[in-house]
Amino acid sequence: MTTFTTTVTQMYTLPQEAGQTDVVVNVNYLVTGVDGTYTATINFSQQFTIEQSEAFTPYAQLTQAQVIGWADPQTVSNMQACVQGQIDSMVNPPVSPTSQALPWSV
């Protein structure tokens, strides 16, 4: 069974936006899957806009758990599926076709 983790690898901010400072507008995430001795990863990025109705957390007070919570759940699920596919290919490598001599040229 694969265990997935999502981490934040980088955040991009605007110095001023909607009356706030250091507003996060883009986050790079890393999804890692581990199944026994097999490990696979994939990166994805998501853009954000500040909404006046949302409570604003100053940049210095953000936690990784909070920023991970911003990631679109469907995107995270899709990335986990991609990672699972990578692991499945490691466990059971796909069979590649091989080139053979033409039967009439032997």
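A nonpolar core is a set of buried Ala, Val, Leu, Ile, Met, Phe, Trp, Tyr and Cys residues joined through side-chain atoms within 4.5 Å. With that in mind, the interior of this predicted model is a good place to start. The largest nonpolar core has 14 residues, and those touching the most other members are Val27, Tyr29, Val31, Phe44, Val67, Ala71 and Val83. At least two residues of this core are supplied by each of E2, strand E3 (38-47) and helix H2 (73-91). Val67 offers a closer view of the packing: with neighbours within four places in sequence set aside, Val67 is in contact with Val8, Met11, Val27, Tyr29 and Leu62.

The next feature to visit is the largest pocket, which holds about 320 Å³ of space. Its lining is made of 15 residues, with Thr49, Glu54, Ala55, Phe56 and Trp70 the closest to the pocket centre. Two elements, strand E2 (20-35) and helix H1 (64-70), give two or more residues to this lining. The largest share, three residues, comes from E2. Sorted by class, the lining has nine nonpolar, three polar and three charged residues.

Helix H2 also includes Gln86. This residue counts as partly exposed because its relative accessibility is 31%, a value that falls between the 20% limit for buried and the 50% limit for exposed residues. Beyond residues up to four places away in sequence, Gln86 touches Ala40, Thr41 and Ile42. From Gln86 to Tyr29, the C-alpha to C-alpha distance is 18 Å, with the two positions 57 residues apart in sequence numbering.

Definitions and conventions
Residues are numbered from 1 along each chain as its sequence is written. This is a predicted model: local features need pLDDT of at least 70, side-chain atom pairs count only at pLDDT 80 or more; totals for chains, interfaces and linings use all residues. Side-chain values use heavy atoms; hydrogens and water are left out. On a 1 Å grid over the protein atoms alone, a cavity is a set of points where a 1.4 Å probe fits but cannot get out, and a pocket is an open set with protein on both sides within 12 Å along at least five of seven lines; lining residues have an atom within 4 Å of a point. Grid points are joined across faces, edges and corners, and a volume is the space filled by probe spheres set on the points. Helices (H or I, at least four residues) and strands (E, at least two) are DSSP runs, numbered from the N terminus. Ala, Val, Leu, Ile, Met, Phe, Trp, Tyr, Cys and Pro count as nonpolar, Asp, Glu, Lys and Arg as charged, and the others, Gly among them, as polar. Buried means under 20% relative accessible area, exposed over 50%, partly exposed in between (1.4 Å probe, protein chains only). Contact means heavy atoms within 4.5 Å.
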